[in-house]
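Colleague: I am new to this structure and would like a close look at one part of it, namely the helix that comes first along the chain. Please take me through that helix slowly, and then set it beside a few other places in the same model.

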Amino acid sequence: MIPRVHQRGMRTIGLLYYLYGPGTHEEHVDPHLVAAWDPLAPDPGRDANATYADLQRLLDQPVVGIAQHRRPKKHVWHLSVRAAPDDPILSDEQWADIARRMVSATGIAPDGDDAGCRWAAVRHADDHIHIIATTVREDGRKARLHNDAARSQAEARLIEAEYGLKQLNTGDGTAARRPTSAERHKAEREGRERPAREELRETVRQAAAGAGSESEFFDRLAAAGVLIHKRVAPSGDLLGYKVALPDDRNGDKEPVFYAGSTLAPDLSLPQIRKRWSGDGTPSPEDEAPTDHRGGPVPSGPATARRQAATAAWQALLVIDQGDDAVVAAQIAAAGEVLDALAKTSAAHTRAQLREAAFAFERATRSHIQAERGHDRALRQAARDLVYSGPALGRGEDGATTAMLIDMAFFLVTAAAHWHGKKQHAQQATAARETAEHLRAAYQAAAGMPVGVLYQRGRRLSQPLLHKQIAHLRQAVPELAEQVLAESGWYALAATLADAESVGHDPAALLAEAAERRELETADAISDVLVWRLRRMADLPADASTMPEPGTTAAARTSGRTAKGSTRRTDRSRKPR
């Protein structure tokens, strides 16, 4: 149940025309009254003899009945109440009860108060109602509507519980504006996957991910194909911007523009500028290497993903121990990494990663202001992901994608825990939803590279396999039996053998990987340890490029040392 108190108005008749009319895009169906202050109130929707003016005069009577100088300038109060997408269709009687509870809770017409304000609830769609009221009571006093939005939210939570509806979380004013009914209906008619507002929000977020300057941000927006209108002061200073989809037009065939601030609170130009550095200006530390033309030098998708996984690991430690403002910055920058990852992902993971980034957007903002500057590692990781280009779904690209998704899962889980401790209910829910999308994306990304590792583990000689079991029991005795029972054990055994083959102490490396972060949220501990070990030991994520464990040094490649060969080989791989 989603209540929204709209801005107050001056014309009762104007709002009635909208509520009973066809809607901006013909989306209103069978507009009619479901409840009102008076059961005999006229209903222009279903009574052919009733007019909008009849209902308007009755609603306005208490207002015109007081002296002109005492009348509020904006006396029209408007509340919409929408069911959640998964809720069942409610009857008119149920909506009538909800309307009465809302006007009582907000102070429009408190229960048992015969002198309350006049109001009417109009239904013109299956999933919501609108309540119009005038803010002068029958006794001539003005209604006490302080904190009406918060009170409507609190009542919605009670209604959800009593009606068995989806339990939503009360907002804190930092959420992005939801698409209107008109925008949703328009998207359905035009066959769009999402309303234009949401498509543009995703495009702007991806353009801002890791961007280091205004020019870079606007260049990326232009490259994405959206229309841009910049608001410039007489001095020449840039004040703001609006964007539109080229094919999203209004009735006059003109583009429908959305200001950045109406897409999300952190997408206004002043807020985006704060990303460049701690003081809101572009920072040299955020700049990527450039070629002879001044353009960024891509590092290759695999390298960018591996570096992003390392940055995510470092951010995890900050979220565990950092100050609130610093943690808020890390979480916001984590959203940029997810935006960049979704933009550059392969087809088999793209849908889930887009949904993950879309969900996590809500978790990136709260009333705790982010202290920018501490998030440069994650922002640089997002930038590198963007400029490294689209990743392949196989080979080192595909394997490092699984590595990064695995680490991103722990990062958003940590964000959910932090938001939960701060009582940020909507943000915590959004982070948990993100984690579920990342689980699905991981399953799509990890199948091939983990399968390769599994087969390598199955091919280990019995002495070499028993050696890895001994390393496991020495390093993590409390987890050993659980890991050995997992199907991923053989992939972990192959990774331990690979690490040893390049000169690492497998038991010490495994102990370090296991102790630095709790593992109880993982579906498979062995998978988590595989990716941590391969990142920490600088092993190729795609094990098919490595010689079989247990082969002699001479059989591997002449002229390479046992410890350094893998690292040199990995660095020499060409970016894809």
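**A close look at helix α1**

Modeller: The buried residues of helix α1 are covered by several elements, including the strands β2 (32-36), β3 (76-82), β4 (119-125) and β5 (128-134), together with the helix α2 (52-64). Please keep in mind throughout that this is a predicted model. The helix itself runs over residues 12-20, and within that stretch T12, I13, L15, L16, L19 and Y20 are buried. These residues lie on the same side of α1, because they cover an arc of only 160° around the axis. It is this set of buried residues, then, that β2, α2, β3, β4 and β5 help to cover.

To place the helix in its setting, it helps to know that the protein has 22 helices and eight strands, and that 54% of its 576 residues count as buried. If one takes the contacts in the protein with a separation of 6 or more, 71% of them join residues that are 24 or more positions apart.

Burial can also be followed at a single side chain in another helix, α13 (residues 376-388), where R379 lies. R379 counts as buried because its relative accessibility is 1%, under the 20% that sets the limit. A polar atom of the R379 side chain lies 3.0 Å from the backbone oxygen of R275.

A residue outside the helices makes a useful contrast: F257 is placed in the loop between β7 (238-244) and β8 (258-259). F257 has a relative accessibility of 30%, which means that it counts as partly exposed. Leaving aside residues up to four places away in sequence, F257 touches L227, I228 and H229, and also K242, V243 and A244. The C-alpha atom of F257 is 9.3 Å from that of R197, although the two residues are 60 apart along the chain.

The empty spaces in the model complete the picture. Rolling a probe the size of a water molecule over the atoms shows where empty space is left. Three cavities of 30 Å³ or more are counted in this way, and the largest of them holds about 70 Å³ of space. Helices α6 (196-208), α11 (324-343) and α12 (347-360) each give at least two residues to the lining of that largest cavity, with α6 supplying the largest share, five residues. Among the residues of this lining are E198, R201, E202, R205, D339, R354 and E361, and by class the lining has seven charged residues, three nonpolar and one polar.

Among the open spaces, the second largest pocket has a volume of about 460 Å³. It is lined by 21 residues, of which D266, Q271, R365, Q369 and A370 are the closest to its centre. The elements that give two or more residues to this lining are α11 and α14 (395-421), and the largest share, three residues, comes from α11. Sorted by class, the lining of this pocket has eight nonpolar, seven polar and six charged residues. Helix α11 therefore appears in both descriptions, as a supplier of at least two residues to the largest cavity and of three residues to the second largest pocket.

Key. Residues numbered from 1 in each chain as written. Predicted model: local features only at pLDDT ≥ 70, side-chain atom pairs only at ≥ 80, totals over all residues. Heavy atoms only, no water. Buried < 20%, exposed > 50% of the residue type's maximum accessible area, 1.4 Å probe, protein only. Helix = DSSP H or I, 4+ residues; strand = E, 2+ residues; numbered from the N terminus. Arc of directions from axis to C-beta. Contact = heavy atoms within 4.5 Å. 1 Å grid on protein atoms, 1.4 Å probe; cavity = no way out; pocket = protein on both sides within 12 Å on 5 of 7 lines; lining within 4 Å. Points joined across faces, edges and corners; volume = space filled by probe spheres on them. Nonpolar A, V, L, I, M, F, W, Y, C, P; charged D, E, K, R; others polar. Polar contact = N/O pair within 3.5 Å; in protein donor to acceptor, adjacent residues only side chain to side chain.
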